[in-house]
Amino acid sequence: SMYVHPWLLFYDANGNQMDGSYYLDIPTDGVEHTYSKEGTIPNHAKTYTISFQTREASHVVYKSGSVTFYE
């Protein structure tokens, strides 16, 4: 199967990627989808990035990506 991974990656104060990063496994079925995932921010996380990765010859157009943090 073909799929894509949007990633939310957390980094510590030294810029090292931390355990506790998240991804979504999204099928590429040609249909527009909206996905969300909840998780916990790792202790001592200082920064984050959003990354979009395609796999196995997938062609994907991302319309947007966002992250919301709550206390």
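Where is G20 found in the chain? G20 sits in the loop between β1 and β2. The model described here is predicted.

## Overall layout

The chain has 0 helices and 4 strands. Read along the sequence, these strands give the pattern β-β-β-β. The chain has 71 residues, and 17% of them count as buried.

Among contacts with a separation of 6 or more, 56% join residues that are 24 or more positions apart. The chain exposes about 5,800 Å², and carbon and sulfur atoms supply 47% of this area.

## The loop between β1 and β2

Two residues of this loop are described here, starting with G20. G20 is partly exposed, with a relative accessible area of 34%. Leaving aside neighbours within four places in sequence, G20 is in contact with F10, T40 and P42. G20 and A45 are 25 residues apart in sequence, and their C-alpha atoms are 9.7 Å apart in space.

S21 also lies in the loop between β1 and β2. What does the side chain of S21 reach at 3.2 Å? It is the backbone nitrogen of F10 that the side chain of S21 reaches at this distance. A polar atom of the S21 side chain also lies 3.1 Å from the backbone oxygen of M18. Not counting residues up to four places away in sequence, S21 touches L8, L9 and F10. F10 is thus a contact of G20 and of S21.

## Aromatic pairs

How many aromatic pairs does the structure hold? The structure holds 2 aromatic pairs. One of them is formed by F10 and Y22, in an edge-to-face arrangement with 6.4 Å centre to centre and 80 degrees between the planes. F10 lies in strand β1 (residues 3-11) and Y22 in strand β2 (residues 22-23), so this pair ties together parts that are 12 residues apart in sequence. Is F10 buried or exposed? F10 counts as buried because its relative accessibility is 3%, under the 20% cut-off. Y22 is partly exposed, with a relative accessible area of 21%.

Y48 and F69 also form an aromatic pair that is edge-to-face, with 5.0 Å centre to centre and 70 degrees between the planes. Y48 belongs to strand β4 (residues 47-54) and F69 to the segment after β4, so the pair ties together parts that are 21 residues apart in sequence. Y48 is partly exposed, at a relative accessible area of 39%. F69 is partly exposed too, with a value of 37%.

## Y62 and the segment after β4

Y62 is found in the segment after β4, where F69 also lies. With a relative accessibility of 29%, Y62 counts as partly exposed. Which residues is Y62 in contact with, leaving aside its neighbours within four places in sequence? These contacts are V4, H5, P6, F52 and Q53.

V4, H5 and P6 fall within the numbering of strand β1 (residues 3-11), while F52 and Q53 fall within that of strand β4 (residues 47-54). Y62 and F52 are 10 residues apart along the chain, and their C-alpha atoms are separated by 8.4 Å.

## The largest pocket

The largest pocket holds about 1,300 Å³ of space. Its lining is made up of 38 residues, of which P6, L24, Y35, S36 and S64 lie nearest the centre. The elements that give two or more residues to this lining are β1, β2, β3 (26-27) and β4.

Which element gives the most to the lining of the largest pocket? That element is β1, with 5 residues. P6, one of the residues nearest the pocket centre, is also in contact with Y62.

## A positive phi at H44

H44 is found in the loop between β3 and β4. What is the phi of H44? H44 has a positive phi of about 75 degrees, although it is not a glycine. Most residues other than glycine have a negative phi.

H44 is exposed, because its relative accessible area is 68%, over the 50% cut-off.

Terms used: Residues are numbered from 1 along each chain as its sequence is written. Side-chain values use heavy atoms; hydrogens and water are left out. Rings of Phe, Tyr and Trp (its six-membered ring) pair if their centres lie within 6.5 Å; planes under 30 degrees apart count as stacked, over 60 as edge-to-face and the rest as tilted. Buried means under 20% relative accessible area, exposed over 50%, partly exposed in between (1.4 Å probe, protein chains only). Contact means heavy atoms within 4.5 Å. Accessible areas come from the Shrake-Rupley method with a 1.4 Å probe; for residues, only the protein chains shown count as cover. A polar contact is a pair of N or O atoms within 3.5 Å; within protein, one must be able to donate a hydrogen and the other to accept it, and residues adjacent in sequence count only if both atoms are side-chain atoms. On a 1 Å grid over the protein atoms alone, a cavity is a set of points where a 1.4 Å probe fits but cannot get out, and a pocket is an open set with protein on both sides within 12 Å along at least five of seven lines; lining residues have an atom within 4 Å of a point. Grid points are joined across faces, edges and corners, and a volume is the space filled by probe spheres set on the points.
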